[in-house]
Structures are given as C-alpha cells and as structure tokens.
Amino acid sequence: MAKYSLNVLGGGQEVGRSSFLLDVGEKILLERGVKLNADEIQYPAPVTTNLDAAIISHAHLDHSGYLPKLFVDSHSMCYMTPPTLEISKMLWFDSLKIAGYEGVAPQFSEDEIVETEKYTFPISYRRPVNISKNCSLELFDAGHISGSSMPLISFKNKRFLFTGDFNPAETRLYSGADLRAGKVDYVMMESTYGDRNHPSRAETEKRLCESVQETVDNGGHALIAAFAVARSQEIIDVLHEYNIDVPVYLDGMSQKASRIFLDYPEYLKDPKFLKKALDKTIWVRRDKHRKEALKQPSVIVTTSGMLSGGPIQHYVKTVHKEENSKIILTGYQVEGTPGRKLMDEGILETEADTFKPVCGVEKYDFSAHASQSELLRALNKWSPEKVILVHGDLEVTEVLKAKIEKDLGIDTVNPANGDTVKLD
Ligand SMILES: [Zn+2]
C-alpha cells in the first residue's frame, strides 16, 4: 500500500477552486480557492480531517478565495508570503463588498478574515521552515504575481514540489520563476497553457503600444481592461517604457493593489521604475477625473479585466460609440463573461444595456502562466519520478500528459476532482 497520497478537492481537470490534501502521515492542505463563474461561485470539496498545516501559493481567488472559511474548524497554521496575505485580504474584503451589493450571502465574515490572519505565518522565499513534525517547507519565487510562490515540501527522504501558477519568462514586473529547487520526487504542476506556446512578450508589448499610440493620435480613447493584481501594473510599466505621451488614467482596485506592490519592493524586479510609471499616471478618485479622461485623447487602464463590473462599466458607455476609440483586452476571458462575449460575438453587455460597439476591439496575450515548452523545460530541471497535472482543462491536461510521457518519459497523471493519487 502506498505510504503517501494526494487527494484532489478542487482544481482537477479544471481551472479554478484549487485545493489539494497531501497525506504523508501528516496532513498538509495546499490551496483553498473558489471558482468564479459568470453567475455562481463553486467551492472545493470539504476538508474532513484535522490538518497539520495549510499553504497558499499566491493570492488569486482561485487559490485563496475560500481560506477564511477553513479556520472555523481548523486551527492549524497557514503559510504564505507577506504580499500574498496582504493581496488576499484585499480580495477577500472585496468579495464581501461585491456580495453586499449583489445581495447574495457572503462566503465568509469579516471576523473569519481576521481569524485567518491570526493563524497565518508569513514566510519569504528560500527560508525553509518546519511546518509539522516531519515536514519542512521552502517557497520558491513563481514569477506570476507579487508574492507568488512554488512550495517545496520535504518529508522523510522525499521532496514534493507544487508549482502553483508560475511564469518562467521575464516580464516588466518580475524576473521569472526561480526553478532552482534541484531534483525532486514529485511535481504537482499547473497546466493552464499546457497545449500551446505564447507569442514573445516584447512583440506583444510593441503591438499594444503601437495600437494605443495610433488610437490617441486619432483623438480617441484607449480603454484598457486589466486585472487589478499585476496585469494593470505591468501595462502601466509598458506604457511608461514606450513613453505614450497622453494622460494615462488608472481606475479601480488596481490602485490599492499598486500600493501593496510598492509596500513590498523586494518582490518586484524594478520597483523604482514601477513607482515612476505609477507617479506619472492619474489616479482616478472622483467623477471629475472620469469626465476629464473622456473629454480628451487618453489611455484608461481599469478593472474589471473581463468587463464584468468595476469602473470600466462607466467608460464603455461612452467609448463604444466612438469610431476612433478602442476597447483593449489584456487577459484570459472566461466563458460567460462580457469580455468573452465581446470577443466572440462583437456584442457588449453592460449592467444595464446591450450594445453593438462601433469602436475597435482588440486582445493581447499577456499571460502570466508557463507555456507548454516552458513547462517541459522546468520538468527537465526538476526531473521528478511522477508528475501530477492540475489547474488545466481536461483536454489541455490530456495533451500535456501525452507530451511529457513521450518527450521526457516521466509517469504523469491528470486526476479529476475527488481522485486520490498514490505517491510511491
Ligand atoms: Zn494565479
């Protein structure tokens, strides 16, 4: 009988609600995320055992969003980097706010967020700590968002590496994932883009800035939809680098996320550059700023990244009618979101209306996830005995599993939710 095992509570053959229970005699929970669909939230399976420790790789809600509920029954310690805690808290409080004005039951209470913080032990990269009697934990920089990590768990004579979401490629904000964990026995790996490669970042940046410059030269508005955490800041950096010389406005939760980023400069590649770029932008605080932004040629970087809510709702009402303006998407558009509908059908759904926009609509691939070739290169470095693929759609994990087995000859599984993977 296998001595060790991994139980998939969520995030098996899907992207969202990541949660995994590692059983090595001691019980370690990795991630506690939610899956945010267009009109409902899905949760991982319940934790039905006493935990020895919990670990959160990074702040995105599909990895952290259900954590505050965990401490109702569990009083184990939870480990993450300091920025992961700060950004998660921002996102948790924001989910409560959204539940409030949508009139739905909140997923957890403010008290539970406070409780979560009490049981969280922040650790930085490359500082191994003992998290239970036989397990130690070391976090490697994942290069995905500020504070994102790849947890390495060592127990007895085995090493288990979880990649979380990782990006080995250098971007404006980060130097790229730290792949120097050495030889490991098991890798549990994300497979979001396991079936494809990305266009070069430099090329994408150039195309974006050319398009933005052309738009403002024609007297239009470049309305850039960007996620609050990391994508907005990267876009601001890129616009600064290309010296786009019209006012650049920053609106939405990205302002708060930017402040947290600058509070943790050691988690950025070039904090001074980001600070300069952010200082040059106009932080929208009042309606006056929103009117001003729409009165002159401008760039507006705002949330939500998928056009579902957020201040972008205000801007699209004007921009969609302007032939010389553009709505620019900069991230993955989940099925069922207004952003996806706009891309696929050319129809813009706002909270109140439906339009057929006359402005331009463009999309750029600023992915913060490893591509197929980067995933294979990373595995080559870690040379594990077994690979467990998670955080990817079924078809994508099938393609990647076949590729790993054929090219690298490593035993690979892509478990579904509820499956238990034996580990020896
Ligand atoms: Zn993520």
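Contacts across the chain come mostly from distant parts of the sequence. Of those with a separation of 6 or more, 72% join residues 24 or more positions apart. The model is predicted.

The overall dimensions fit with a compact globule. For 424 residues, such a globule would have a radius of gyration near 22 Å, and the chain, at 21 Å, agrees. Along the principal axes, the C-alpha atoms fill a box of roughly 70 × 50 × 40 Å. The chain holds 13 helices and 24 strands. Of its 424 residues, 58% are buried.

Now the surface and the charges. The accessible surface is about 17600 Å², and carbon and sulfur atoms account for 48% of that area. The chain carries 50 positive and 61 negative charges. The mean positions of the two sets lie 3 Å apart.

Next, go to strand 17, residues 298–302. Five of its five residues are buried, so the strand is largely enclosed by the rest of the structure. Take the two faces in turn. Ser-298, Ile-300 and Thr-302 lie on one side. Val-299 and Val-301 lie on the other. Both faces are covered, and the five residues named are all buried.

Which strands pair with strand 17? Strand 14 is one partner, and strand 15 is another. Strand 14 spans residues 221–225 and runs parallel to strand 17, joined to it by five bridges. Within this pairing, Leu-223 stands opposite Ile-300. Strand 15 covers residues 248–251 and is also parallel to strand 17, with four bridges between them. Here Leu-250 has Val-301 as its bridge partner. Both strand 17 residues in these pairs, Ile-300 and Val-301, are buried, and they belong to opposite sides of the strand.

Helix 6, residues 231–241, is the next stop. This helix is mostly covered, with 10 of its 11 residues buried. The buried run includes charged side chains: Arg-231, Glu-234 and Asp-237 are among them. Ile-235, Ile-236, Val-238 and Leu-239 are buried too, as are Ser-232, Gln-233 and His-240.

What covers the buried residues of helix 6? The cover includes strand 14, strand 15 and strand 17. Helices contribute as well: helix 5 (201–217), helix 7 (254–263) and helix 8 (271–280) are among the covering elements. Strand 17 thus appears twice in this account, as a bridge partner of strand 14 and as part of the cover over helix 6.

Finally, look just past the end of helix 6. There, Asn-243 adopts a positive phi of about 55°.

Technical notes:
Residues are numbered from 1 along each chain as its sequence is written. This is a predicted model: local features need pLDDT of at least 70, side-chain atom pairs count only at pLDDT 80 or more; totals for chains, interfaces and linings use all residues. Side-chain values use heavy atoms; hydrogens and water are left out. Buried means under 20% relative accessible area, exposed over 50%, partly exposed in between (1.4 Å probe, protein chains only). Helices (H or I, at least four residues) and strands (E, at least two) are DSSP runs, numbered from the N terminus. Two strands pair if DSSP finds at least two bridges between them. The radius of gyration is taken over C-alpha atoms; the globule rule is 2.2 Å times the number of residues to the power 0.38. Contact means heavy atoms within 4.5 Å. Accessible areas come from the Shrake-Rupley method with a 1.4 Å probe; for residues, only the protein chains shown count as cover. Lys and Arg count as positive and Asp and Glu as negative; His and the chain ends are not counted. The place of a charge is taken as NZ of Lys, CZ of Arg, CG of Asp or CD of Glu.
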